[in-house]
Structure formats: C-alpha cells, structure tokens
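Work through the exercises below with the sequence and the structure at hand. Try each task before reading its solution.

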Amino acid sequence: MTQNCFICGINRERLDKNSEGKQGFYTHIKRDHYMWNYVFYKAYLDFKEVTEYNGDESYIFDKMQNFDLGWFPVGRSLAVKDED
C-alpha cells in the first residue's frame, strides 16, 4: 500500500492529520488526485483537435509536449489545511 499521493506527493500521515472534515488519504487519492483522471485528461487532449483547445487545455498541452510537469500540483492539495 502506498504511503504518498502519486500526484502531489503528500504523505498519508499529513493528509490524514491535516485534512478538512473527514477527508483523509483514501478520499484524497480516490477523489481529489485520482491518478487515472490525469491519464484520461491526456487521452482527451490527444483526441481533441488542437484548434479546439481552450486556454487551460492549450497551456497543459504545451506543458505536456515539453515534458514539463509544472502544471501538476506537486506538494499542494486543497484538502490540506494551511500549516502557517
């Protein structure tokens, strides 16, 4: 069983401890950062005409073409309360 979110890399303990309400690690990886949604989104962009992209799709497609993962929420999640 994994101990870190595949998308954001936040560990299970932090997600369980700092999540709002009853959201924990399992809810986070199955709803917030469900890894297969990222695969599906890539396929969606691959099958859609480039001329039909909106601004977000163009931005992400360009990042993917350049192997830039800057659009991934690495180290970030809306499920985790600010620790400041």
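Three exercises follow, on salt bridges, helix packing and aromatic rings.

The model is predicted: local features need pLDDT of at least 70, side-chain atom pairs count only at pLDDT 80 or more, and totals for chains, interfaces and linings use all residues. Residues are numbered from 1 along each chain as its sequence is written, and side-chain values use heavy atoms, with hydrogens and water left out.

**Exercise 1.** Find the salt bridge partner of Glu57 and state whether Glu57 is buried or exposed.

Solution. Step one is the rule: a salt bridge is a side-chain nitrogen of Lys or Arg within 4 Å of a carboxyl oxygen of Asp or Glu. The count by this rule is four salt bridges. Step two is the partner: Glu57 pairs with Lys48, and their closest N and O atoms are 2.8 Å apart. Step three is the accessibility, where buried means under 20% relative accessible area, exposed over 50%, and partly exposed in between (1.4 Å probe, protein chains only). Glu57 has a relative accessible area of 6%, so Glu57 is buried. Lys48 has 24% and is partly exposed.

**Exercise 2.** Describe how helices H3 and H4 pack.

Solution. First locate them: helices (H or I, at least four residues) are DSSP runs numbered from the N terminus. H3 covers residues 35-47 and H4 covers residues 55-65. Next take the axes, which are lines fitted to C-alpha atoms over the stretch in contact, with angles from 0 to 180 degrees between N-to-C directions. The axes are 11 Å apart, at an angle of about 100°. Angles of 65 to 115 degrees count as roughly perpendicular, and H3 and H4 are therefore roughly perpendicular to each other. Last, list the contacts (heavy atoms within 4.5 Å): Tyr41, Lys42, Tyr44 and Leu45 in H3 meet Glu57, Ile60, Phe61 and Met64 in H4.

**Exercise 3.** Which rings does the cluster with Trp71 link, and how are the pairs arranged?

Solution. Begin with the rule: rings of Phe, Tyr and Trp (its six-membered ring) pair if their centres lie within 6.5 Å; planes under 30 degrees apart count as stacked, over 60 as edge-to-face and the rest as tilted. Five aromatic pairs are counted this way. For Tyr38 and Trp71 the centres are 5.8 Å apart and the planes stand at 35°, so this pair is tilted. Tyr38 is in helix H3 and Trp71 in the segment after H4, so the pair ties together parts 33 residues apart in sequence. Both residues, Tyr38 and Trp71, are buried. Trp71 and Phe72 form an edge-to-face pair, 4.6 Å centre to centre with 65° between the planes. The cluster thus links Tyr38, Trp71 and Phe72.

Key. Helix = DSSP H or I, 4+ residues; strand = E, 2+ residues; numbered from the N terminus. Parallel < 35°, antiparallel > 145°, perpendicular 65-115°, else oblique.
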